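Here are some exercises to work through at your own pace. Try each task yourself before you read the solution below it.

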Number of protein chains: 2
Amino acid sequence: MTAYARLTARFARIATVGEASSVLGWDAAAMMPPGGGAARGDQLAVLAGLAHGLLTAPETADDLAQAHAQTEAGDDEWDAANLALMRHAHTRATAVPADLVEAQARANSACEKVWRDARGRSDFAAVSPYLVEVVSLVRQTADAMAPALGLSPYDALMDGYQRGIAAADVAPVFARYEAFLRDALPRAEERQARQPLPVPLPGVFPADRQEGLCRHLSARAGLEAAHARLDRSAHPFCGGTPTDVRITTRYDEADPAQALMGVLHETGHALYERGLPAPHARQPVGEAAGMAAHESQSLIIEMQSCRSDPFLAWLGPELHGTFGGPAEPYAPANLSRLWRRVGRGFIRVEADEMTYPAHVILRFRLEQALVSGDLAVADLPGAWRDGMAALLGVTPPDDARGCLQDIHWYDGAFGYFPSYTLGAMAAAQLMAAARRDVADLDAGLGRGELGPLVGWLRLHVHSQGNRLGFNDLLRAATGKPLDPADFEAHLTARYLADGSAPQA
Amino acid sequence: MTAYARLTARFARIATVGEASSVLGWDAAAMMPPGGGAARGDQLAVLAGLAHGLLTAPETADDLAQAHAQTEAGDDEWDAANLALMRHAHTRATAVPADLVEAQARANSACEKVWRDARGRSDFAAVSPYLVEVVSLVRQTADAMAPALGLSPYDALMDGYQRGIAAADVAPVFARYEAFLRDALPRAEERQARQPLPVPLPGVFPADRQEGLCRHLSARAGLEAAHARLDRSAHPFCGGTPTDVRITTRYDEADPAQALMGVLHETGHALYERGLPAPHARQPVGEAAGMAAHESQSLIIEMQSCRSDPFLAWLGPELHGTFGGPAEPYAPANLSRLWRRVGRGFIRVEADEMTYPAHVILRFRLEQALVSGDLAVADLPGAWRDGMAALLGVTPPDDARGCLQDIHWYDGAFGYFPSYTLGAMAAAQLMAAARRDVADLDAGLGRGELGPLVGWLRLHVHSQGNRLGFNDLLRAATGKPLDPADFEAHLTARYLADGSAPQA
């Protein structure tokens with residue numbers, strides 16, 4: 001058995017343990033009775049420890065060294081990429097001393113717990129010392145990883161969520177978007193103000209009927225019931241494994257949009273997992289290409305396709321057929337005004353697609369400053385308020401609607417936020433390329449057909465696995481690295497076009 | 001850290017991996033889309049391998065040797081028992097060479113697959129060569145374990161399911177029951193023939209309403225919703241973990257008895273898991289005391305309590321209130337005739353409580369002969385027919401209703417069958433002891449109250465964990481080792497008493 005063969009077997013075991021953890025995580029959110037929580041935490045910790053042990057075992061290092069010397073994997077592009085990813089995962093796992101990993105896990109857990117309560121009371125001071133500790137440990141972790149990976153400390157953190165793009169690539173893209181937004185947002189608001197107010201969908205929307213419709217739409221998009229489930233959880237997500245995807249949503253009986261668009265969003269994630277290259281299953285190269293790539297797949301389904309005019313024109317009568325009542329609110333023009341409303345809000349997860357990047361840009365800048373030490377935790381609330389005022393012209397009235405709103409930092413996740421907007425931009429870029437390649441893509445959307453788009457994504461994104469970094473994946477699929485022009489063009493067409501006729 | 005402290009940490013990790021596997025097993029049966037099956041098999045195999053690796057690691061042997069030398073655990077009875085169980089588990093796991101374990105797993109899996117198809121066609125010849133291989137490997141495994149455990153080969157197999165009772169203890173108990181049955185069964189049949197035929201419950205019993213009632217009854221028996229779930233699966237079972245028990249059932253809309261009694265049965269298993277001693281959680285001594293002990297807990301709830309006259313008198317109106325229709329079929333006398341009917345059938349899982357042991361006695365004798373080599377696999381169908389004729393006076397018309405009916409042997413499980421009847425006998429013995437200790441137990445059952453019985457079981461069985469072997473557990477709880485007299489007395493009172501008035 002060659003060193004590379006031993007490595008593929010070992011990484012398959014690691015991935016298989018990860019699959020078990022993913023199903024257990026889904027169960028904890030969707031099925032588990034509350035009394036099982038403590039035991040589940042232990043189960044996930046033990047599995048994580050066993051997977052970490054397999055990855056950092058001396059045999060792994062030996063085989064990685066040998067496989068390198070032999071360049072036995074070099075003949076095949078996929079194997080070469082796989083070996084590089086194995087080495088990359090091993091480097092990340094071994095660069096940080098075990099006691100620092102443990103201290104970080106403990107600090108994250110303690111801080112997140114305090115944060116839950118502090119957010120409710122909008123009490124930043126209560127959680128501040130815990131966040132100081134988390135940030136200090138994150139900085140040590142980033143410093144430990146940076147030289148091993150040949151990246152800056154913040155890039156080493158970002159790399160944990162999305163490889164193949166650095167802060168130096170992202171900063172100018174975000175700066176350009178800030179300028180775009182400064183011009184576009186007021187114009188979109190003016191245009192919106194000239195339009196009639198949207199009419200809310202009337203009536204009660206029973207959760208069971210919403211769920212049936214969500215299943216129907218998800219299946220129409222190509223998610224097979226033999227390989228997926230849709231269930232309910234407090235926070236929608238996509239989990240499970242490539243042959244057994246688990247998506248969740250929640251139902252608001254006064255408003256079906258949340259569940260409908262949420263399930264279409266998660267279906268985008270799920271289709272990505274389903275389309276990963278089966279011959280490379282359980283190998284690093286067979287995984288999804290990162291969090292930004294993943295978000296591009298949910299947003300190209302939800303935002304680019306299902307909130308487009310042609311799709312809404314098809315969806316309206318479907319909804320009306322399901323829920324009954326007066327037909328007028330289901331007219332596409334009303335749905336587009338209802339479900340594509342821009343506004344300057346305080347809360348990221350409630351933001352529309354035009355202002356959402358401003359929320360991310362703020363966090364991207366602040367978290368770099370926190371990690372570098374340029375911003376003290378004590379100064380975070382003020383910096384947040386100033387940033388919101390500068391980016392969106394609004395100032396949150398309290399920290400609950402400011403720097404306390406997201407779990408990420410309080411749980412130790414730094415470098416993740418850019419993924420959301422990189423994904424949104426990539427989704428627009430991929431959609432523009434798909435429109436060039438696939439005839440009548442929008443006409444198909446007007447018949448509720450996502451198949452042609454999903455087929456294109458399967459070829460150009462899903463089946464590529466994790467072979468390429470973010471910018472290389474985009475280059476291969478669209479002919480260029482990340483380019484915010486397509487996202488701006490999309491927003492311009494959707495929110496700034498003249499006339500009151502709905503646009504794609 | 002002492003060797004014993006290292007061992008408790010290690011065994012806690014092993015148990016925690018087992019918890020993960022148990023939840024994943026539940027998910028596979030109750031939730032998983034069919035396309036997830038192959039990946040789930042891999043996940044369970046990898047987790048089993050990791051747990052086995054922890055158990056058989058050289059460090060475990062070193063610590064077991066050290067802990068022995070120090071007798072550091074000897075001060076506390078529970079720790080001493082725990083250390084003995086650790087050593088026992090380690091001995092079982094290391095006695096069998098890894099290649100034999102693997103060959104057995106492969107042979108079981110191949111045989112079970114062929115059996116599924118062969119049973120459908122009643123084609124013993126098709127599966128026979130696979131069973132020959134399974135039996136040959138089982139014999140090698142038993143031979144490997146026997147000297148290490150100081151048991152006979154068949155007892156070494158039985159010990160894997162229930163320690164603390166040997167074939168030499170079981171054989172006379174079963175022989176006595178055979179004699180009892182020869183006399184009792186014709187008398188029960190005669191008595192039954194003198195009674196009116198039971199009237200089937202009329203109407204349709206919607207699965208959702210059955211499920212609601214099952215949840216209600218399970219909660220009444222003491223299973224807390226914060227620590228348990230009830231779901232649906234093809235084959236009812238109890239899984240999960242002590243703080244997060246998962247029970248399942250299936251619903252026949254023409255007959256609610258299957259689900260009702262099935263859920264009460266699984267509730268008995270679940271209450272045992274819930275009542276295990278929390279301070280010893282995840283330690284061998286904190287587990288349930290074996291499969292026969294477990295079955296005693298399901299049967300004392302289902303058979304001893306919920307099919308008793310007082311409970312049926314309470315349950316009838318509950319059922320009638322839930323399902324409506326004419327009241328007469330819900331009268332206790334009719335329910336007892338309907339749900340306590342004896343008969344000579346071919347199928348174990350459909351057997352009543354009086355004839356069920358005959359099915360087990362047959363298997364107990366045949367599997368000993370297979371393992372010893374006294375019976376060739378080729379002669380199994382004939383030996384089965386002869387055995388059924390001798391024990392119950394009926395001859396199965398084909399092997400599907402004969403030696404092909406159960407999965408156990410075809411999946412490599414030898415030594416398990418006695419547990420069913422040992423459990424049934426222990427349930428009667430425990431019930432008799434509880435009746436002596438708890439005033440008005442039956443009056444409580446007449447008010448649908450299982451609490452006093454469950455409280456007694458918690459004290460005398462559940463909270464004892466795995467501290468004692470089967471006979472010692474019974475001795476501590478009832479004052480004597482396994483004694484079939486209580487089971488015979490129970491059957492005599494229920495099925496042979498004079499008059500047509502219902503009896504407990």
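**Exercise 1.** Which residue of strand 3 of chain B does B:Ala228 stand opposite?

*Solution.* A word on the model comes first. This is a predicted model, in which local features need pLDDT of at least 70 and side-chain atom pairs count only at pLDDT 80 or more, while totals for chains, interfaces and linings use all residues. Residues are numbered from 1 along each chain as its sequence is written, and chains are lettered from A and ligands numbered from 1 in the order in which they are written.

Step 1: find the strands; helices (H or I, at least four residues) and strands (E, at least two) are DSSP runs, numbered from the N terminus. Step 2: look across from B:Ala228, and you meet B:Val245. Step 3: check the pairing (DSSP must find at least two bridges between two strands). Strand 1 and strand 3 of chain B are joined by five bridges, in the parallel sense.

**Exercise 2.** Describe the sheet in chain B and the helix that packs on it.

*Solution.* Step 1: the three strands form an open sheet in the order 1-3-2, with mixed pairing. Step 2: strands 1 and 2 (238–241) of chain B are at the edges and have a single partner strand each, so one side of each has no neighbour in the sheet. Step 3: from one strand to the next, the twist averages 20 degrees. Step 4: helix 1 (residues 3–30) of chain B packs on the sheet and touches strands 1, 2 and 3. Its direction makes about 140 degrees with that of strand 2 of chain B; axes are lines fitted to C-alpha atoms, for helices over the stretch in contact, and angles run from 0 to 180 degrees between N-to-C directions.

**Exercise 3.** Which residues of helix 9 of chain B are buried, and which are exposed on the other side?

*Solution.* Step 1: count the other C-beta atoms, placed from the backbone, within 10 Å of a residue's own (20 or more means buried, 12 or fewer exposed, in between partly exposed). Step 2: the buried ones are B:Gln210, B:Leu213, B:Cys214, B:Leu217 and B:Ser218. Step 3: these cover an arc of only 135 degrees around the axis, so they lie on the same side of helix 9 of chain B; the arc is that of the directions from the helix axis to the C-beta atoms. Step 4: on the other side, B:Asp208, B:Gly212 and B:His216 are exposed. Step 5: just one more detail, B:Gly222 follows helix 9 of chain B and has a positive phi, near 115 degrees.

Note on methods:
Contact = placed C-beta atoms within 7 Å.
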